[in-house]
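Open the model in your viewer and keep the selection tool ready. The stops below say what to pick and what is found there.

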Amino acid sequence: MARGHQKFQSQQKNAKKQADIKKSKGHDQKAAAKAALVYTCTVCRTQMPDPKTFKQHFESKHPKSPMPPELAGVEA
C-alpha cells in the first residue's frame with residue numbers, strides 16, 4: 001500500500017505545482033487592452049479601438065485638421 005500512498009502524494013504535489021504555474025501566468029489584461037487599440041490619431045498619437053471612436057475623437061479634438069483618408073467612409 002505504500003506505493004498507492006506515494007502515488008496520491010505525487011498527484012497532489014503535481015496538482016499544486018500546476019496551479020502555481022497557472023496562477024503565476026495569469027491573464028495579462030494590459031497587453032490584451034493594448035492589442036485592441038489599433039487606430040492611432042495622426043495629430044496627437046492617441047490610440048483608439050475602432051474607427052467610429054476614432055472619427056468622433058478626430059471631429060471633437062481636431063476640427064480644423066484635415067480628416068485622415070481611413071476615416072472617409074466611416075459614419076460617426
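Select V74 and show what surrounds it in this predicted model. Setting aside residues within four places in sequence, V74 is in contact with P51, K52 and K55. V74 itself sits in the segment after α3. Is V74 buried or exposed? V74 counts as buried because its relative accessibility is 17%, and the cut-off for buried is under 20%.

Next, add V43 to the selection and draw a distance between the two C-alpha atoms. V43 and V74 are 31 residues apart along the chain, and their C-alpha atoms are separated by 18 Å.

Keep V74 and now select C41, M48, F54, F58 and L71 as well. Together these 6 residues form the largest nonpolar core.

Now colour residues 39–61. The UniProt annotation "domain: C2H2-type", from an unreviewed entry, covers this stretch. Over residues 39–61 the chain is 48% helix and 17% strand. The C-alpha atoms at the two ends of the stretch are 15 Å apart.

Within that stretch, pick out helix α3, which spans residues 51–61. Select H57, which lies in this helix. Which residues does H57 contact, leaving aside neighbours within four places in sequence? They are C41, C44, T46, M48 and H62. Two of these, C41 and M48, can be found again in the largest nonpolar core.

Finally, check how H57 is placed relative to the surface. H57 has a relative accessible area of 14%, so H57 is buried.

Definitions and conventions
Residues are numbered from 1 along each chain as its sequence is written. This is a predicted model: local features need pLDDT of at least 70, side-chain atom pairs count only at pLDDT 80 or more; totals for chains, interfaces and linings use all residues. Side-chain values use heavy atoms; hydrogens and water are left out. A nonpolar core is a set of buried Ala, Val, Leu, Ile, Met, Phe, Trp, Tyr and Cys residues joined through side-chain atoms within 4.5 Å. Buried means under 20% relative accessible area, exposed over 50%, partly exposed in between (1.4 Å probe, protein chains only). Contact means heavy atoms within 4.5 Å. UniProt positions are given in the numbering used here, feature names are shortened, and annotations may be inferred rather than shown by experiment. Helices (H or I, at least four residues) and strands (E, at least two) are DSSP runs, numbered from the N terminus.
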